[in-house]
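This report concerns one protein chain, whose sequence and coordinates are shown below. It takes up a single residue, then a pair of helices, and then the confidence of the model.

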Amino acid sequence: MKRWIRIALHLAMIVVLTSFGTYTIMKKGDFTVPDSLKVENGSEIFAPLDSITGLDVDEVTPPFLGKAYNGFKEALAFKESQGRYHVVNTLGYLGKYQFGSSTLNLMGIYDMETFLDSPELQEKAFATNIARNKWILRRDIKRFMGKRIGGVEVTESGILAAAHLAGAGNVKKYLRSYGQEDVTDAYGSSISYYLKKFAGYDISKIEQKKNAKV
């Protein structure tokens, strides 16, 4: 009797497992993705550039473009304006590199509207200003390159970035006072900060030029 009971239970288990398998195995192609779950090409949504306007610039990391001149100017532009050509800040500084009108006048640019509307002119102005500041600071670059001030190694690119921020005259004072005469702009950026942030770029592509004009 026990033997027949074991056989019956064994057959019952086979029937149950076989039935379960027939209901769970599906043929290829039986399943259709609902329309609501389908993803079509071109469905990506990009955040507008203005959506990061409220962020502190240091909270956003710009793309790294190397340590040559192009990387230098784009990193500096990102710090100044997040790389936007048509920006005027609360103090009236203009464009991608946030030039003051007096600096632009020195380089022969007097029409501010034309300047804002021309990316090509803004790029030329930046290169011209680098050449101009290289000439003004040529002796200080030679004298202080490789030295450390406030724990920061002085480099040519750091000096010229600081000159873009505060002017060549203030950078001379900072270097010659060994960091005692620092200058901070209205937004909290200082000469010492720019010396560190923009150190180590190779900007030998731009040659010094006295009274450079666009």
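## Arg143 and its surroundings

In this predicted model, Arg143 has a relative accessible area of 44%, and because this value lies between the 20% limit for buried residues and the 50% limit for exposed ones, Arg143 is classed as partly exposed. The residue belongs to helix α6, which covers residues 138–144.

Leaving aside residues up to four places away in sequence, Arg143 touches Arg176 and Tyr178. Between Arg143 and Leu175, which are 32 residues apart in sequence, the C-alpha to C-alpha separation is 9.5 Å.

## Packing of α5 and α7

Helix α5 (residues 119–136) packs with helix α7 (residues 156–166) at an angle of about 110 degrees, and their axes are 10 Å apart. Since angles of 65 to 115 degrees count as roughly perpendicular, the two helices α5 and α7 are therefore described as roughly perpendicular to each other. The crossing in which α5 passes α7 is right-handed.

On the α5 side the contact is formed by Phe126, Asn129, Ile130, Asn133 and Lys134, and on the α7 side by Glu156, Leu160, Ala163 and His164. By character, the residues of this contact comprise 4 nonpolar, 3 polar and 2 charged.

## Confidence along the chain

The protein chain has a mean pLDDT of 83, with 70% of its residues at 70 or more. Over residues 20–28, however, the pLDDT is below 50, and this stretch has 0 contacts in the model beyond near neighbours in sequence. Residues 41–59 also stay under 50 in pLDDT, although the model gives them 13 contacts beyond four places in sequence.

Conventions: Residues are numbered from 1 along each chain as its sequence is written. This is a predicted model: local features need pLDDT of at least 70, side-chain atom pairs count only at pLDDT 80 or more; totals for chains, interfaces and linings use all residues. Side-chain values use heavy atoms; hydrogens and water are left out. pLDDT is the predictor's confidence in each residue, from 0 to 100. Contact means heavy atoms within 4.5 Å. Helices (H or I, at least four residues) and strands (E, at least two) are DSSP runs, numbered from the N terminus. Buried means under 20% relative accessible area, exposed over 50%, partly exposed in between (1.4 Å probe, protein chains only). Axes are lines fitted to C-alpha atoms, for helices over the stretch in contact, and angles run from 0 to 180 degrees between N-to-C directions. Angles under 35 degrees count as roughly parallel, over 145 as roughly antiparallel, 65 to 115 as roughly perpendicular and the rest as oblique. A crossing is left-handed if the near helix is turned anticlockwise from the far one by less than a right angle, and right-handed if clockwise. Ala, Val, Leu, Ile, Met, Phe, Trp, Tyr, Cys and Pro count as nonpolar, Asp, Glu, Lys and Arg as charged, and the others, Gly among them, as polar.
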